Amino acid sequence: MRVRALVTGEVTPAVSPEAPQLPNHKVRVKKEGQRACNEKDAKGKFCGGHLKRWFYTTDVKERECGDIEKAWGQNAEVYRCENCKALYLPTPGDDPKVNVAGKGMISVFGLTLPPKEK
C-alpha cells in the first residue's frame, strides 16, 4: 500500500525569521533545502538564479562598501544569487558541515549508496 500526499489549493505561509537588512544589500533567509533565488522582479516574475556561497572578503566592490564585514564579521556564511545579487543567510538550525547543495534525498529508485568512510 502506497501513501501519497494530496495536493491542495491551501497556501501555507513559510516560517522565516526576519533578516537584518543592510543599507546597500537586500538580505533574506534561505528556506530549508532552497538552492534557487525566489526574489520577484518588477513584473512579478521569479528570479530563479542559483544561490552560491559568496566569499565577500575577496570581492573588490564589496571591499569598497564594507557593509557585510562590519555587520557580520569576516567569515559569515552568506549566499548570493547569481542573477539579482540578493544575499541569503543560512536557515537557522542548519548544520554547517552539510554540503552547500543540501542534504539530498533517498533515491526513489531503490538505489541508495552508503556514505563514504573517513
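**Exercise 1. Salt bridges**

Find how many salt bridges the structure holds, and say which residues form them.

*Solution.* Keep in mind that this is a predicted model. A pair counts when a side-chain nitrogen of Lys or Arg sits within 4 Å of a carboxyl oxygen of Asp or Glu. Run that test and you get three salt bridges.

- Step 1: Glu-39 and Lys-26 meet through their side chains, at 2.6 Å from N to O. Glu-39 lies in the loop between β1 and β2 while Lys-26 is in the segment before β1, so this pair ties together parts that are 13 residues apart in sequence.
- Step 2: Glu-39 also forms a salt bridge with Arg-28, and here the closest N and O atoms are 2.8 Å apart. That pair links distant parts of the chain too, with Glu-39 in the loop between β1 and β2 and Arg-28 in strand β1, 11 residues apart.
- Step 3: The side chains of Glu-82 and Lys-52 meet at 3.3 Å, N to O. Glu-82 belongs to the loop between β3 (79-81) and β4, Lys-52 to strand β2, and 30 residues separate the two.

As background, side chains of opposite charge can pair when their charged atoms come close.

**Exercise 2. The network**

Work out which residues are linked in a network of salt bridges, and decide whether Glu-39 is buried or exposed.

*Solution.* Start with the pairs that share a residue. Glu-39 bridges to Lys-26 and to Arg-28, and the network is made of Lys-26, Arg-28 and Glu-39.

Next, check accessibility. Under 20% relative accessible area means buried, over 50% means exposed, and anything in between is partly exposed. Glu-39 comes in at 11%, so it is buried. Its two partners fall in the middle class: Lys-26 is partly exposed at 47%, and Arg-28 is partly exposed at 26%.

For the other salt bridge, do the same check. Glu-82 has a relative accessible area of 33% and is partly exposed, and Lys-52 at 46% is partly exposed as well.

**Exercise 3. Around Glu-39 and Lys-40**

List what Glu-39 is in contact with, leaving aside its neighbours within four places in sequence, then do the job for Lys-40.

*Solution.* Take Glu-39 to begin with. Its contacts are Lys-26, Arg-28, Lys-45, Phe-46, Cys-47, Cys-84 and Tyr-88. With Lys-26, the side chains are also joined by a polar contact of 2.6 Å.

Now move along to Lys-40, which lies in the loop between β1 and β2. Skipping residues up to four places away, Lys-40 touches Lys-45 and Phe-46. If you go by C-alpha atoms, Lys-40 and Cys-84 are 9.6 Å apart in space, although 44 residues apart in sequence.

**Exercise 4. The sheet**

Give the order of the strands in the open sheet and identify its edge strands.

*Solution.* Start from the element list: the chain has two helices and four strands, and along the sequence they follow the pattern β-β-α-α-β-β.

Then order the strands in space. The open sheet of four strands reads β1-β4-β3-β2, with mixed pairing. Its edges are β1 (27-29) and β2 (51-53), each pairing on one side only. Ignoring direction, neighbouring strands are turned by 35 degrees against each other on average.

Finally, look at how β1 is held. Three bridges join β1 to β4 (residues 87-89), and these two strands run parallel. In that pairing, Arg-28 has Tyr-88 in β4 as its bridge partner. Arg-28 thus turns up in two places: the sheet and the salt-bridge network.

**Exercise 5. A helix residue**

Place Glu-69 in the fold and list its contacts beyond four places in sequence.

*Solution.* Glu-69 sits in helix α2 (residues 67-72). At 25% relative accessibility, Glu-69 is partly exposed. Beyond its sequence neighbours, the contacts are Tyr-56, Thr-57, Arg-63 and Gln-74. From C-alpha to C-alpha, Glu-69 and Tyr-56 are 7.9 Å apart, with their positions 13 residues apart in sequence.

**Exercise 6. The whole chain**

State what percentage of the 118 residues count as buried and how much area the chain exposes.

*Solution.* The buried share is 23% of the 118 residues. The chain exposes about 10,000 Å², and carbon and sulfur atoms supply 55% of that area. For contacts with a separation of 6 or more, 52% come from residues 24 or more positions apart.

Notes. Residues are numbered from 1 along each chain as its sequence is written. This is a predicted model: local features need pLDDT of at least 70, side-chain atom pairs count only at pLDDT 80 or more; totals for chains, interfaces and linings use all residues. Side-chain values use heavy atoms; hydrogens and water are left out. Two strands pair if DSSP finds at least two bridges between them. Axes are lines fitted to C-alpha atoms, for helices over the stretch in contact, and angles run from 0 to 180 degrees between N-to-C directions. Buried means under 20% relative accessible area, exposed over 50%, partly exposed in between (1.4 Å probe, protein chains only). Contact means heavy atoms within 4.5 Å. Accessible areas come from the Shrake-Rupley method with a 1.4 Å probe; for residues, only the protein chains shown count as cover. A polar contact is a pair of N or O atoms within 3.5 Å; within protein, one must be able to donate a hydrogen and the other to accept it, and residues adjacent in sequence count only if both atoms are side-chain atoms.
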